[in-house]
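The exercises below are meant to be worked with the sequence and the model side by side. Try each task before reading the solution that follows it.

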Amino acid sequence: MIDMTYPGAVPMHKVNFDAKSEYDMIQNYKVLQEVLNKLKIDKHIEVNRLVKGRPLDNLEFLQWLKRYCDSVNGGIMNENYDPVERRLKGGKERNSKGSLKSSKSLQANNLHNLASGDAAGINKNTVSKQGKTGVAASSSEVRALSKEITDLKLSVDLLEKERDFYFAKLRDIEILCQSTKVENHPMAVAIKKILYAADAKESALDEAQEFISQSVDNGETDEANEEETD
């Protein structure tokens, strides 16, 4: 996303897209942090938390990254950006030294095959057709992935709006229950028991209902005692 927002800012040849160990992931995050510093983006990456793979930490970072990129490009994807091509280019630059020796070895093998008359695997027409087919397949995959990313962005936006809507409602209820006029009212106390429950468990609702029932019973008892006194 940073490479799409700031074309050419990320040294893709330093990014390991096959990273599986924490060490490799840390190296990738170092590359990203260097890019953010270079672009003067004031964001410290919590690498030690992100490499643990906890969903919430990574989701929060991705949400920040999406909001930032949207603020720069107005939420419009760069249709000319080809992520597959950028990855391949980075891989070629990273492996250029290693591939030099292997290319010489391949050239020697090809010369040997041609000298011995073994040309079965060097059909130019077949190679050309396969290359065109591979490019077409890659383009269709890129379009499919771009559509999937757009759909996921829309889903995330809708979920965030729905979350904010219900959070605002709960906050209003909390403020109302904390007001001095009603904070000790049985219904307000029962609602706060649910709001401040440590985790999502049914017992919080049961406790609130039991508290209201006891309050009602106590109220009826007090009224009966007052009537007897009168």
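**Exercise 1. The largest pocket**

Which helices each supply at least two residues of the lining of the largest pocket?

Solution. Begin with the model itself, which is predicted rather than determined by experiment. In this model the lining of the largest pocket draws at least two residues from each of helix H1 (2-5), helix H2 (22-38), helix H4 (55-73), helix H5 (83-94) and helix H7 (124-178). Next, ask how the contributions are weighted: H7 gives the most, with eight residues. The space enclosed by the largest pocket comes to about 1,700 Å³. Its lining counts 45 residues, of which Met1, Ile2, Leu62, Leu65 and Arg87 are the closest to the centre. Finally, sort the lining by character, which yields 28 nonpolar residues, nine polar ones and eight charged ones.

**Exercise 2. The overall fold and its confidence**

Describe the secondary structure of the protein, and then find which element has the lowest mean pLDDT and which the highest.

Solution. Counting the elements gives nine helices and zero strands, and reading along the sequence gives the pattern α-α-α-α-α-α-α-α-α. For confidence, take the average over the protein, a pLDDT of 77, together with the share of residues that score at least 70, which is 72%. Going element by element, helix H6 (residues 96-115) has the lowest mean pLDDT, at 52, whereas H2 has the highest, at 89.

**Exercise 3. Burial, surface and contact range**

What percentage of the residues is buried, and how much area does the protein expose?

Solution. Of the 230 residues in the protein, 18% are buried. The exposed area is about 17,800 Å², and carbon and sulfur atoms supply 56% of that area. To complete the picture, consider contacts between residues at least 6 apart in sequence: 49% of these join residues at least 24 apart.

**Exercise 4. Two residues in helices**

Decide whether Ala204 is buried or exposed, and place its surroundings.

Solution. Locate Ala204 first: this residue is in helix H9 (residues 202-229). Its relative accessible area is 6%, and because the cut-off for burial is under 20%, Ala204 counts as buried. Leaving out residues up to four places away in sequence, Ala204 touches Lys193, Ile194 and Ala197. Ala190, 14 residues from Ala204 in sequence, lies 9.1 Å away from C-alpha to C-alpha.

For comparison, turn to Arg171, which lies in helix H7. With a relative accessible area of 38%, Arg171 is partly exposed. The C-alpha atom of Arg171 is separated by 9.6 Å from that of Leu195, 24 residues apart along the chain.

**Exercise 5. Two residues in loops**

Where is Lys40 found, and what is notable about its phi angle?

Solution. Lys40 is found in the loop between H2 and helix H3 (47-50). Its phi is near 60 degrees, which is a positive value in a residue other than glycine. Lys40 has 77% relative accessibility, and since exposed means over 50%, this residue counts as exposed.

Now take Tyr81, which is found in the loop between H4 and H5, and ask which residue 77 places away along the chain has its C-alpha atom 6.3 Å from that of Tyr81. The partner is Met4. The contacts of Tyr81, not counting residues up to four places away in sequence, are with Asp3, Met4 and Arg86. Met4 thus appears both in the C-alpha separation and in the list of contacts.

Methods:
Residues are numbered from 1 along each chain as its sequence is written. This is a predicted model: local features need pLDDT of at least 70, side-chain atom pairs count only at pLDDT 80 or more; totals for chains, interfaces and linings use all residues. Side-chain values use heavy atoms; hydrogens and water are left out. On a 1 Å grid over the protein atoms alone, a cavity is a set of points where a 1.4 Å probe fits but cannot get out, and a pocket is an open set with protein on both sides within 12 Å along at least five of seven lines; lining residues have an atom within 4 Å of a point. Grid points are joined across faces, edges and corners, and a volume is the space filled by probe spheres set on the points. Helices (H or I, at least four residues) and strands (E, at least two) are DSSP runs, numbered from the N terminus. Ala, Val, Leu, Ile, Met, Phe, Trp, Tyr, Cys and Pro count as nonpolar, Asp, Glu, Lys and Arg as charged, and the others, Gly among them, as polar. Buried means under 20% relative accessible area, exposed over 50%, partly exposed in between (1.4 Å probe, protein chains only). Contact means heavy atoms within 4.5 Å. Accessible areas come from the Shrake-Rupley method with a 1.4 Å probe; for residues, only the protein chains shown count as cover. pLDDT is the predictor's confidence in each residue, from 0 to 100.
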